[in-house]
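Visitor: Please take a close look at the place where aromatic rings and a charged side chain come together, and set out the geometric criteria as you proceed.

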Amino acid sequence: QVQVVESGGGLVQAGGSLRLSCLASGSILRIGSMDWYRQAPGKQRELVATISRGGTTTYVDSVKGRFAISRDNAKNTVYLQMNSLKPEDTAVYYCNCEVVTTTPVRSLEVWGQGTLVTVSS
């Protein structure tokens, strides 16, 4: 069993900052890509940022220069530092991890339950 739990969401004024965390736990042999998605009300879920096990990062254009994704492989944790937040960043933020489990050894994608970020204008 593998669980992914996000934390760090909340209410912030425009221009402010938040740091999201995502912890993966359970029967984990190795974690590959760790990603952050978000889903705003009435919109489809979109990929915000990704980070490979080696640290290669990608971002959706709308957050480049404002958000930074990082990870701690020893702690099975990924972070999303969000600066200069805008009202349009309001969404539920989800963590997704590519996990290789122990017994049995298999690869699967695991989603967290999401954490709400609200940016007021």
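Guide: A charge is said to sit over a ring if NZ of Lys or CZ of Arg is within 6 Å of the ring centre and within 35 degrees of the ring normal. The model is predicted: local features need pLDDT of at least 70, side-chain atom pairs count only at pLDDT 80 or more, and totals for chains, interfaces and linings use all residues. Residues are numbered from 1 along each chain as its sequence is written, and side-chain values use heavy atoms, with hydrogens and water left out.

The charged end of Arg45 sits over the ring of Tyr94, at 3.8 Å from the ring centre. The charged end of Arg45 also sits over the ring of Trp111, 4.7 Å from its centre.

Trp111 takes part in an aromatic pair as well, and the structure holds 1 such pair. Its partner is Tyr37; the pair is tilted, with 4.8 Å centre to centre and 55 degrees between the planes. Rings of Phe, Tyr and Trp (its six-membered ring) pair if their centres lie within 6.5 Å; planes under 30 degrees apart count as stacked, over 60 as edge-to-face and the rest as tilted. This pair links distant parts of the chain, since Tyr37 lies in strand β4 (residues 28-39) and Trp111 in strand β10 (residues 107-111), 74 residues apart. Strands (E, at least two residues) are DSSP runs, numbered from the N terminus.

Trp111 counts as partly exposed because its relative accessibility is 35%; buried means under 20% relative accessible area, exposed over 50%, and partly exposed in between (1.4 Å probe, protein chains only).

Terms used: Helices (H or I, at least four residues) and strands (E, at least two) are DSSP runs, numbered from the N terminus.
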